[in-house]
Amino acid sequence: MADDNHTDDNITSMDGLIKKIFDLCTSRGLSYSGMAPVQVSPGVYLIYATEMNYSCKSHGHCRQKTYTIVEVGNQLKIV
């Protein structure tokens, strides 16, 4: 039974992380699909996102790039 609760906590934590990343990307003009990030070390994640610039919005010339997300305290930052 304890293992089930632990798994639920992990899922909730990942969902929370994805929501924080989604909100951060939105505030920076990036389109993030919500796919689970790749953890490369504690507190450091890689994601794929698309910059929603004029060329992408107007002409469909969009480019997905890799971004590094770092946890600093309770905040996330794109570096």
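Hi everyone. Let me start with contacts: among those in the protein between residues at least 6 apart in sequence, 24% join residues at least 24 apart. Please keep in mind throughout that this is a predicted model.

Here is the overall layout. The protein has 2 helices and 5 strands. Reading from the N terminus, the elements come in the order α-β-β-β-α-β-β. The protein has 79 residues, and 24% of them count as buried. As for the surface, about 5,800 Å² is exposed, and carbon and sulfur atoms supply 53% of that area.

Let's begin with the helix α1, which covers residues 2-27. Which two side chains meet in a salt bridge here? They are K19 and D23, with 2.9 Å from N to O. As general background, side chains of opposite charge can pair when their charged atoms come close. Now look at the spacing: K19 and D23 are 4 residues apart in α1, so about one helical turn separates them. K19 is exposed, at 51% relative accessibility, while D23 is partly exposed, at 37%. The count for the model comes to 1 salt bridge. Before we leave this part of the chain, have a look at C25, which is buried at 0% relative accessibility.

Next, the first hairpin on my list. Strand β2 takes in residues 38-41, and 3 bridges join β2 to β3. These two strands run antiparallel. If you want one pair to find on your screen, try Q39, whose bridge partner in β3 is Y45. How many residues lie between the strands of this hairpin? There are 2 residues between β2 and β3, and G43 takes a positive phi near 80 degrees.

There is also a surface feature in this area. V38, V40 and L46 form a nonpolar patch, and together they have about 230 Å² of accessible area. L46 belongs to strand β3. Is L46 buried or partly exposed? With 31% relative accessibility, L46 counts as partly exposed.

Let's stay with β3, which covers residues 44-51, and pick out T50. T50 is buried, with a relative accessible area of 14%. What does T50 touch, once we set aside residues up to four places away in sequence? The list is G29, L30, S31, C56, C62, R63 and Q64. Two names on that list, C56 and C62, deserve a stop of their own.

C56 and C62 are joined by a disulfide, with 1.9 Å from S to S. For anyone new to the term, a disulfide is a covalent bond between the sulfur atoms of two cysteines. The torsion about the S-S bond of C56 and C62 is about 90 degrees, which means that the disulfide is right-handed. The two partners sit in their surroundings as follows: C56 is buried, at 7% relative accessibility, whereas C62 is partly exposed, at 41%. The count of disulfides in the model comes to 1.

Another residue that T50 touches is R63. Where is R63 found? It is in the loop between α2, residues 54-59, and β4. R63 is exposed, with a relative accessible area of 64%. Leaving out neighbours within four places in sequence, R63 is in contact with A49, T50 and E51. Take A49 as an example: R63 and A49 are 14 residues apart in sequence, and their C-alpha atoms are 8.4 Å apart in space.

My last stop is the hairpin of β4 and β5. Strand β4 runs over residues 64-72, and 4 bridges join β4 to β5 in an antiparallel arrangement. One position to look up is E71, which stands opposite L76 in β5. The hairpin has 2 residues between its strands, and G73 in the turn has a positive phi of about 65 degrees.

Now follow β5 itself, residues 75-78, where the side chains alternate. Which ones are buried? L76 and I78 point to one face and are buried, while Q75 and K77 point to the other face and are not.

To wrap up, here are three things to find for yourself in the model: the salt bridge of K19 and D23, the disulfide of C56 and C62, and the alternating side chains along β5. Thanks for listening!

Notes: Residues are numbered from 1 along each chain as its sequence is written. This is a predicted model: local features need pLDDT of at least 70, side-chain atom pairs count only at pLDDT 80 or more; totals for chains, interfaces and linings use all residues. Side-chain values use heavy atoms; hydrogens and water are left out. A salt bridge is a side-chain nitrogen of Lys or Arg within 4 Å of a carboxyl oxygen of Asp or Glu. Buried means under 20% relative accessible area, exposed over 50%, partly exposed in between (1.4 Å probe, protein chains only). Two strands pair if DSSP finds at least two bridges between them. Contact means heavy atoms within 4.5 Å. Patches are made of residues with over 30% relative accessible area and no salt bridge: like charges are joined within 9 Å, nonpolar side chains (Val, Leu, Ile, Met, Phe, Trp, Tyr) within 5 Å. Accessible areas come from the Shrake-Rupley method with a 1.4 Å probe; for residues, only the protein chains shown count as cover. A disulfide is a pair of cysteine sulfur atoms within 2.5 Å.
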